[in-house]
Amino acid sequence: MPIDFSPLRKVLQLERKKGYSDTAVFGGLDRFLAKWTSQNEGKITDPSFLKAIRKLLTINYSSLSLKLRKQQIENIINIIDVIGQTIHKNKTNPTFSNKKRSPIKRKISTINYSIDAPITTFKGISSNLAAKFARLNVFTIRDLLYFFPNRHLDYSRLKTISELTEGNEETIVANVWQVREVKLGGRRSTEAIVGDETGNLRVVWFNNPYIVKQLSTNKQVVISGRLGIFKHRPVFQSPEWEILEDKELTHTGRLVPIYPLTRGLYPRQVRKLMKDVIDTWSAQVDDFLPVQLRQRCNLLVLSNAIYQAHFPDDEELKKQARIRLAFDELFILQLGVLNRKQKWQEQQISTPFTIEAPVLESWFKSLPFVLTTAQERVIKELLSDLAKSKPTSRLLQGEVGSGKTVVAMTALLVAVTNCRQGAFMAPTEILSEQHFTSICNLLAGAGNLEIEEEFLHSYSGFLPKPITVALLIGDIKGVKKRELQQRILNGDIDITIGTHALIQKEVEFKELGFVVVDEQHRFGVTQRSALRQKGLNPHMLVMTATPIPRTLALTLYGDLDLSVIDQLPPGRKKIKTKWLKPVQRHHAYSFLHRQIAVGRQAFIICPLIEESEAIQAKAAIAEFQHLSREVFPSLRLGLLHGRMSAVEKEETMYRFRSCQLDILVSTPVVEVGIDIPNATVMLVESADRFGLSQLHQFRGRVGRGKEQSYCLLLADNPSEVARERLDIIEQIHDGFQLAEEDLKMRGPGEFFGTRQSGIPDLRMAKISDISLLELARREAGIVFANDPKLKNPKHRLLVKEITRIWPEEDGEWS
């Protein structure tokens, strides 16, 4: 137990109040001090205090003059105060007393190389070490500055040994009484006995005998780690440590950064290196945000934000650093997309389309359903775009089954009536084939089938000339492929539907006027741009069935106008959703049997395997064989996976669509585009491995007909986060509400994956932080409105940063 100094201090203060008259306690101060010292002398570890007490006892307080009495009393009170501040640090000031830093005011080192120089230019980083950092995508000094920790351990709260608690992350300052090399588990290790004024403690470092040479008796050390119990005694096992010196701590006694690692990099090594880099370079970073903007938004100076993101003084500054750095990412992102939109719409001229009302009226009447109000609104927005000389750039969002395809087809018909070709690009061959089939079915209802060839159909009867639709995918080989490419070039094909095959250099259009990109988040900006470049500034519609909250959509895709189909066709029933535990698996299989017995069909989605499409296909085959032989031997099962040829996939889909199969076992390739009205059950294996949006997409594959549909989610051993996801998908059926929930659960940049979206990586920004998204968007809008070319001298550093982040925009800002 620590010494309780309060009784002694009260007596000494009373003696001071009584004018050092030796009347504070009955029997005099000498008697009181002798008794107090005999009770506590064994606990006293501070030599100056023990010396002062013993001196006072030796010289006899009662025999001293008033002047000397005052001097001795004040001396002891001062020493008590110093010791008390150390012992009770955690109570009076709970965080470790690191020197408060202001990196931007530090003495700036003279550096004769660029922030974009290779990391090997920094002292202490060899080419061998640089190769290890390269595996973490760290190549330059700038990369190191933005190589942020995954998290921080809070070692800032200082405790005495007597206050330590088993199992908690704790920090102490102690003296080294003994240090030696020992063998633990047959391995050379280090053992130390350390102590403070409240007790002693054993510390061991397994498999690390080198610490013996770094520690020495009577050194003061700071130790941070988790306290364990070994043979009923407390012990620190392999904690962080450093010698207490007159300099800032790195590994202990603070919020300690935990960095991403790879083979050959170690936490202590990386932390020390990062401390040196941040100390040297953070003050050198130019702040590209205009001063007024930074002050208006109450943001940290960039150099300080970088420092605090790595080695924060406290939690509040760590939070402020994240806000500043996240704002930067979102602000630069928004300026980039605003520039892209202006560059496309104001610097490009497209062909305005004439809207033939009788043709559209005939088309709408031929449809086997009535358009919803939402579809009519979106079509009106799109037709308004197409009538302008500025090229259309519109993002169409709509739930699975909301009717996006008919909207796209309406615009494609407008292009064809204006003697222009249309292109419809989808991310998978299955989805491309699905669109080809559904569009041909719609055209068959409006006109007459004139030509029916493999991968090509032609319809007449409702346009002045026949309309020809073709499918172009990677599986089409040789002569047929070259024939289709030639007919596209000749202008004989009006609408071409396909995959990435559409953007191959061999594909050329005679006069491409309208482009549709489905499931656009599966394509990068480069791929969308490549398709657009097949024509002279064609109009473009990009579509997604993944609902995106409006603010997020405007931020990530600010270069696109936004339309939303927020209404499903009438008569759709809510899909009943239930997640099941492993013991309920046989109930799920029994339910499938009952549904199939009354004429329905079902999907079974195999577990998500991320290694490769080949491994995923192999796992799907194994699951298919297991289900066919052991679970549903009397039923007709089909298999669908990404490694099958287009012919095999189409044959399987044809058999399933025509009810020749009862169950379709599939990899996640079924996520989009499959439309089977008779399928009423979606069973997802290992549902805990999928995100909310993907589960919602799977669920949308059923419920396309009039019968009640069901989604069963099997999860063997879901984590706490996965349980929360499964609870949410059970209760919420609205895609946009699910998207909001998905955002809350995602980390930086995960909602789509920024690389696929063609936007800069987000390291600090959390896309769930809608208020920061809105702030960045508002500020970017102000800057762009006042200075769209950023010619103002105060934007010089901002231009430099934008061209670094958006290299393809270089030249637009200079």
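Let me begin with a single pair, in which the side chains of Lys480 and Glu453 meet in a salt bridge, with a nitrogen-to-oxygen distance of 3.6 Å. This pair ties together distant parts of the chain, since Lys480 belongs to helix α17, residues 478-490, while Glu453 belongs to strand β11, residues 448-453, and the two are 27 residues apart. As for their surroundings, Lys480 is buried, with a relative accessible area of 19%, whereas Glu453 is partly exposed, at 30%. I should say straight away that what we are looking at is a predicted model, and please keep that in mind for everything that follows.

Before I go on with the salt bridges, a few words on the protein as a whole. It has 814 residues, of which 54% count as buried, and it contains 28 helices and 23 strands. If we take the contacts with a separation of 6 or more, 72% of them are accounted for by residues 24 or more positions apart.

Now back to the charged pairs. Side chains of opposite charge can pair when their charged atoms come close. In this structure there are 33 salt bridges, and I have picked out a few to show you. One of them joins Arg394 to Asp385, where the closest N and O atoms are 2.6 Å apart. Are these two partners buried or exposed? Arg394 has a relative accessible area of 9%, and is therefore buried, and Asp385, with a value of 8%, is buried as well.

Another pair is Lys578 with Glu730, whose closest N and O atoms lie 4.0 Å apart. Here again distant parts of the chain are linked, with Lys578 in strand β18, residues 576-580, and Glu730 in helix α24, residues 720-731, a separation of 152 residues. Lys578 counts as partly exposed, at 45% relative accessibility, while Glu730 is buried, with a relative accessible area of 19%. Beyond these pairs, there is also a network of salt bridges, which links Asp287, Arg294, Arg324 and Asp328.

Helix α24 brings me to the packing of helices. Two packed helices are described by the angle between their axes and the distance between the axes. The axes of α24 and of helix α23, residues 692-699, come within 10 Å and cross at roughly 40°. That angle makes α23 oblique to α24, and the crossing is right-handed. Which residues of α23 and α24 meet? On the α23 side they are Leu692, Leu695, His696 and Arg699, and on the α24 side they are Arg725, Leu726, Ile728 and Ile729. Sorted by class, this contact has five nonpolar residues, one polar residue and two charged residues.

A second helix pair that I would like you to look at is α14, residues 373-386, with α15, residues 404-417, which pack at an angle of about 30° and have their axes 10 Å apart. Because angles under 35 degrees count as roughly parallel, α14 is described as roughly parallel to α15. The crossing of α14 and α15 is right-handed. From α14 the contact draws on Gln375, Val378, Ile379, Leu382, Leu383 and Leu386, and from α15 on Val406, Val407, Thr410, Ala411 and Val414. In the contact of α14 with α15, nine residues are nonpolar, two are polar and none is charged.

Next, please find helix α11, which runs over residues 302-310. Why can we call α11 largely enclosed by the rest of the structure? The reason is that nine of its nine residues are buried. The buried residues of α11 include Ser303, Asn304, Gln308 and His310, and also Leu302, Ile306 and Tyr307.

Finally, I will turn from helices to a strand, and to one residue within it. Leu201 lies in strand β4, residues 199-205, and is buried, with a relative accessible area of 4%. Which residues does Leu201 touch, if we do not count those up to four places away in sequence? They are Ile161, Leu164, Ile172, Ala192, Ile193, Val194, Leu227, Pro234, Val235 and Phe236. For one of these, Phe236, I can also give a backbone distance, as the C-alpha atoms of Leu201 and Phe236 are separated by 8.0 Å, with their positions 35 residues apart along the chain counted as the separation.

Technical notes. Residues numbered from 1 in each chain as written. Predicted model: local features only at pLDDT ≥ 70, side-chain atom pairs only at ≥ 80, totals over all residues. Heavy atoms only, no water. Buried < 20%, exposed > 50% of the residue type's maximum accessible area, 1.4 Å probe, protein only. Helix = DSSP H or I, 4+ residues; strand = E, 2+ residues; numbered from the N terminus. Contact = heavy atoms within 4.5 Å. Axes fitted to C-alpha atoms, helices over the stretch in contact; angles between N-to-C directions. Parallel < 35°, antiparallel > 145°, perpendicular 65-115°, else oblique. Left-handed = near helix turned anticlockwise from the far one by under 90°. Nonpolar A, V, L, I, M, F, W, Y, C, P; charged D, E, K, R; others polar.
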